[in-house]
Each structure stands twice: as C-alpha cells, then as structure tokens.
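Grab a viewer and work through these exercises at your own pace. Each one sets a task and then walks through a solution.

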Amino acid sequence: MKKVGNHNSNSRKLFLSLALMLSISVASLAQDAAPVAAAAAAAPAASSGGDAAKGKELFNTNCAACHKLDAKSTGPALRGVSARHDMAWIYKWVHNSSDLIKSGDKVAVKLFEDNNKVPMTPFPQLSEGDIDNIIAYTSEPKAEVAAPAAGVPGAVKDASQEAGISNNVILGALSLVMAILIVMLVLVNKVLRKVAAANGIEVAAKEPTLPIWKAFVKNQFLVLVSAIFLLLAGAYMVYGFLMQVGVDQNYEPIQPIHYSHRIHAGDNEINCKYCHSASRVSKTAGIPSLNVCMNCHKSISEVAETTATPEYSKAFYDEQIKKLYKAVGWDAASQSYTGKTEPVKWVRIHNLPDFVYFNHSQHVTTAGIECQTCHGPVQEFEIMKQFSPLTMGWCINCHRKTDVKMEGNEYYKKIHEQLSKKYGVDKLTAAQMGGLECGKCHY
C-alpha cells in the first residue's frame, strides 16, 4: 500500500496546540478571579469625643444646605473646622452667630465678611453634645481612592471591567477552539482523499443541479404567490410610512446640558410643576429659566456618588453642573454672579402643528390631569423624549374615555347636571361635554 503521510505527527501538533490554548485560558481566568489589592487602611476615628455617625445625620439635616465638607458653598468648607477654631467659640457661633458678630469678635467679623456677609441661621436647639457630634463628623479624614499598584497597570478594577475581561477571554478561547476544529476537518478531508487515491478508490463527482432561481421561475404557482405577497407587504409598508409622517413619538434629542428627569423628578421627587410652573396658568408649560435651576444648584455643585450609573459617571454629572454655572455666570468659588452669561440652546421635543390649539392650564388645573398621562413616566427618563404620539386619534380616544373632574369645579356644575340627565349617566366624559367638536382644537 502506498504511504500517505505521517498522520500521528499532524495529530500531535493539533493536540499540543489545543492543550496550549486551554492552559492559557485557565491561567487568564485564574488571574481574573484573583482578589483585588486591599484598599487603604481605614482612617482613625475622630478624637473630638463626639459620635461621627450621629454627627453626619445632624450635618445633613441642619448644615448641608449651606456647607460642604471639602468645598466652599454659601458658607466655608467645614472639614477640620475644629482645628481652626476653639470649641467654646464654635458653640457660641452655632447657637447665635449674629450676637457674636455684634459683640465685635474679630474672628466672627472676618468670617462674616469673607463669606459675602451672609448671616448664618442660628441653631439654639442644638446642644453642645449635638455640636460635638457634628464636629466629630467634620473631623474625619477625607476618604482617598486606592491607587493601582506601581508597575501593575489596572491593578484596581471595578466589577464590570473584570467581568468584561473574563467574557472576552472566554469568547477568544471558544473562537480559537472553533478555528482548530475547522483546520482539523480540512486536514482530515485531505488525508481521506490521499488514502482513497492510494487505494484506487474514485471519489464520485457532484452531479450538476438546476440553479434555485431557474427552478423558482419554472414554478408559476410559486411565482404568483410570491408576487401577491410582495404587493401586499409593499402596500403595508407604504401605509405604515405615510401614517407616521409628522409623528415624532420616542423623539429623544441630545440637549446642550444633560438634564436627568430620573434624578430630579425620580430620586429627588421634585414636582413637575415646580419647574414647569406655567403649566398651571398658561397655554404652554414653558422651559424653566436657569434661575429656577440655581435655586438649588447654588448649594449643589456636585452629585452624590450613588447618583452615578454604569452609563453616566459622577464626573459626567458634575461637568453638567459646571455647564449650568457657565451659562448663568456663577462663580462657585466666590459664591457670586460674574455677570457673564451664555444662552442655552435647548432642543424642543414636543411640537404640535400650528393649526392645533392645546391649553396646558385647562388640562392641568381644570381637569386635574397628571403630567405622566401625556408625557409618560418622566421620573424614569434619563433623557427626556416624546412618550405619546400626540396624534388627533390619540387625543380623541383620551376625550372619549376620560371622565370630567367635577369635584370643586363650579364651572362645569350646571352643564354637567343638564347633560348627565340627557345621557343618563352619573359622570360625563370630555367627549360628551363637547370635547370632540372641531372648534375645540382647530380655530
């Protein structure tokens, strides 16, 4: 018999490659599973004698509106304040700073002048023990983020990064195994052809077959069915496209300043009508002025660590607050306006046609409809979008199923009594009270 090659040599090479690949994968996975280097040792507790945990609660309740630990706000930064002032002086200042200033205390007067002469709210209700607790909290060292070990890039990684690397290794290993299997199949095919040739075995040639497109053309019934299907599908697609002309549902533009409704209306539970106050009394809800933003953001120059999401980091949100400061001309360091302002070119999201009249106050104040009815769960939206289609059919359906609010509404009382008898119902829908008349929305 004719010799067809050293198959054992090829097999050894393939098995060696597979073993090497598996050993590399196991080593990489073992590295990923290794624990991350320990963080810096915990800072020692404050030595002021107070309870830092209780002090944090008191600080957030009484002080956080005007003070931060590590940055100037309405008042100075308070971390390490016990090292700058005597405790007896701090007690007097917290209980009634105005009296201390009037007494001519040089330290109190200087502190008052250095902070734009903004008087501090007196806190006579806080005992000296409470103040000790607050001072204990402000005396805690600032937590430092552990740096990666020298010479080891990426020694400290978050869980998502570690998971991503592990997945990449696994996918790479599977891809390599698949490639090896393909190579093995090709080699086996070649070996089998050589064996067949050495033994005088003829490999049957492939018989020519009719191309699929020619077979399709010869089948007239199949051609007819396909043509009818394509005509109906085309008509459906054209109808769907034409019905969406002018409908901007789910329109979600990128704004010049990223504003998260999830944080403001969701996490902080700010009422929609606090910012969009015009919706109570006007046709339009209006875009809140930047002064409305500054009511809170004078004292909030950065977000909490827990605000960050996998998509948006704390640094990203803090940068948006800086954009707000730049637009309104606010200097966070001096806590004053510079007078240099820049317009914010907001992108409009909801835009009804010019021939449609819609009054927010009639729906919000008179009808008592919640904002989420039309605008969706805005408290969950990271980026605001158009939730509803805002089409004529959508408005009509709402008028047909929504009962008119009668409690405390003398405007509709008389007409409601007349129409409820006419229709034989206890409550009238907006449609039954003329909500489907053309002139209600088009005039």
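**Exercise 1. The nonpolar patch**

Which helices each supply at least two residues of the nonpolar patch?

Solution. Before starting, some ground rules: this is a predicted model, where local features need pLDDT of at least 70, side-chain atom pairs count only at pLDDT 80 or more, and totals for chains, interfaces and linings use all residues. Residues are numbered from 1 along each chain as its sequence is written, and side-chain values use heavy atoms, with hydrogens and water left out.

Step 1: pick out the members. I212, W213, F216, V217, L222 and V223 make a nonpolar surface patch of about 600 Å². Patch residues have over 30% relative accessible area and no salt bridge, with nonpolar side chains (Val, Leu, Ile, Met, Phe, Trp, Tyr) joined within 5 Å and like charges within 9 Å. The areas come from the Shrake-Rupley method with a 1.4 Å probe, and for residues only the protein chains shown count as cover.

Step 2: map them onto helices. The answer is α9 (212–218) and α10 (220–243). Helices here are DSSP runs (H or I, at least four residues), strands likewise (E, at least two), numbered from the N terminus.

Step 3: weigh the contributions. α9 gives the most, with four residues. F216 sits in helix α9, and F216 counts as partly exposed because its relative accessibility is 33%. The classes run like this: buried is under 20% relative accessible area, exposed is over 50%, and partly exposed is in between (1.4 Å probe, protein chains only).

**Exercise 2. Following the charges**

Trace the salt bridges that share partners and name the residues they join into one network.

Solution. Step 1: recall the idea. Side chains of opposite charge can pair when their charged atoms come close. The cut-off used is a side-chain nitrogen of Lys or Arg within 4 Å of a carboxyl oxygen of Asp or Glu. The structure holds six such bridges.

Step 2: start at R262. Its side chain meets that of D267 in a salt bridge at 3.4 Å, N to O. R262 also bridges to E382, where the closest N and O atoms are 2.7 Å apart. R262 lies in helix α11 (residues 261–267) and E382 in the loop between α16 (371–375) and α17 (392–401), so this pair ties together parts that are 120 residues apart in sequence.

Step 3: check burial. R262 is buried at 18% and E382 is buried at 14%, while D267 is partly exposed at 49%.

Step 4: try another pair. E302 and K314 form a salt bridge at 3.3 Å, N to O. This one links distant parts of the chain, 12 residues apart: E302 is in the loop between α13 (290–297) and α14 (314–328), and K314 is in helix α14. E302 is partly exposed at 43%, whereas K314 is buried at 18%.

Step 5: put the network together. Shared partners join R262, D267 and E382 into one network.

**Exercise 3. A look into a pocket**

Describe the lining of the second largest pocket by class.

Solution. Step 1: get the size. The volume is about 600 Å³, meaning the space filled by probe spheres set on grid points that are joined across faces, edges and corners. A pocket is an open set of points on a 1 Å grid over the protein atoms alone, where a 1.4 Å probe fits, with protein on both sides within 12 Å along at least five of seven lines; lining residues have an atom within 4 Å of a point.

Step 2: list the lining. There are 32 lining residues, of which H67, P76, L78, W93 and M120 lie nearest the centre. Helices that each supply at least two of them include α2 (52–63), α4 (87–95) and α7 (128–138).

Step 3: sort by class. The lining has 22 nonpolar, nine polar and one charged residues. Ala, Val, Leu, Ile, Met, Phe, Trp, Tyr, Cys and Pro count as nonpolar, Asp, Glu, Lys and Arg as charged, and the others, Gly among them, as polar.

**Exercise 4. Positive phi**

Is Q335 buried or exposed?

Solution. Step 1: find the residue. Q335 is in the loop between β1 (330–331) and β2 (336–337). Though not a glycine, Q335 has a positive phi of about 55 degrees.

Step 2: read the accessibility. Q335 counts as buried, at 12%.
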